[in-house]
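Let's walk through this protein together, from its overall outline down to single residues. Have the structure open and turn it as you read.

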Amino acid sequence: MSGMDLDALRGSWNNSQRQLDNHLDLDLQTLRAALRKRTSTAFRRHQGWLLSSLIGATIMSAALTVFIISHLNDAIYLLLAAPLLMLALAEWIIDYRQWRALNKLDLSAPVLQVQSVLDTLRGRVLRLAKWGTLLAVLLWLPMVLVFFKGLFNVDLLDYLHPSVIYVNLLVGV
């Protein structure tokens with residue numbers, strides 16, 4: 001092989017390498033656009049779920065508020081419904097703050113900034129889930145009692161033995 005052939009081969013190799021790099025850059029841009037589209041679609045879908053959760057928490061908070069107002073003279077049902085209202089309001093506040101933060105989130109911002117916002121939102125949701133899980137054992141009976149009293153005007157406390165309430169309270173605590 002002569003020096004001339006070797007230079008021609010190097011030139012064609014470099015030329016094909018440049019064409020390949022240009023092609024890969026175009027594919028990289030296409031890949032980034034596809035990922036950006038999928039990410040924004042996922043965030044929009046999540047915001048829809050957050051909006052439905054906000055509506056549900058609003059309805060639940062309104063129903064519990066009406067229940068509490070209508071049972072202001074009944075201290076037992078007032079005591080049973082108040083923690084449920086606080087939990088519903090906490091759910092509403094966290095969902096609203098998350099919905100608002102996701103609306104403001106700029107996905108073209110630096111990755112660490114986006115990751116920081118998402119980690120903060122995740123922490124809020126996890127704290128609510130932790131408290132909901134811890135309080136579930138304690139609040140299931142008040143929820144059932146308030147539900148039956150509010151919807152069917154049936155006072156289940158008349159039918160339950162006091163030991164059921166005491167055992168539920170001890171297990172919940």
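A good place to begin is A81, which is found in helix α2. A81 counts as buried, because its relative accessibility is 0%; buried means under 20% relative accessible area, exposed means over 50%, and partly exposed lies in between, all with a 1.4 Å probe and protein chains only. Which residues does A81 touch, once those up to four places away in sequence are set aside? The answer is L64, F67, I68 and V146, where contact means heavy atoms within 4.5 Å. A81 and F147 are 66 residues apart along the chain, yet their C-alpha atoms are separated by 9.5 Å.

Before going further, a word on what you are looking at. This is a predicted model, in which local features need pLDDT of at least 70 and side-chain atom pairs count only at pLDDT 80 or more, while totals for chains, interfaces and linings use all residues. Residues are numbered from 1 along each chain as its sequence is written, and side-chain values use heavy atoms, with hydrogens and water left out.

Now follow the contact from A81 across to V146, which is found in helix α3. V146 counts as buried, because its relative accessibility is 7%. Leaving aside neighbours within four places in sequence, V146 is in contact with L64, F67, Y77, L80, A81 and L84. Several of these names come back when you look along α2, where the buried residues are Y77, L80, A81, L84, L85, A88, I94, D95, Q98, A101 and L102. In the other direction, V146 and V164 are 18 residues apart along the chain, and their C-alpha atoms are separated by 16 Å.

How does the span of α2 agree with its residue count? Helix α2 covers residues 75-104, and at 1.5 Å a residue its 30 residues should span 44 Å; the end C-alpha atoms are 43 Å apart, which agrees. The expected span here is 1.5 Å times one less than the number of residues.

Stay with α3 a little longer and find G150, which lies in this helix. G150 is partly exposed, because its relative accessible area is 43%. From G150 to T120 there are 30 residues in sequence and 37 Å in space, C-alpha to C-alpha. Next comes N153, placed in the loop between α3 (111-152) and α4 (162-172). N153 counts as exposed, because its relative accessibility is 57%. Its phi is near 55°, a positive value in a residue other than glycine.

Step back now to see the whole chain. The protein has four helices and zero strands, and from the N terminus on its elements run α-α-α-α; helices (H or I, at least four residues) and strands (E, at least two) are DSSP runs, numbered from the N terminus. The C-alpha atoms fill a box of roughly 105 × 30 × 25 Å, taken along the principal axes. The radius of gyration is 29 Å, whereas a compact globule of 173 residues would have one near 16 Å; this radius is taken over C-alpha atoms, and the globule rule is 2.2 Å times the number of residues to the power 0.38. Of the 173 residues, 22% count as buried. Among contacts between residues at least 6 apart in sequence, 69% join residues at least 24 apart.
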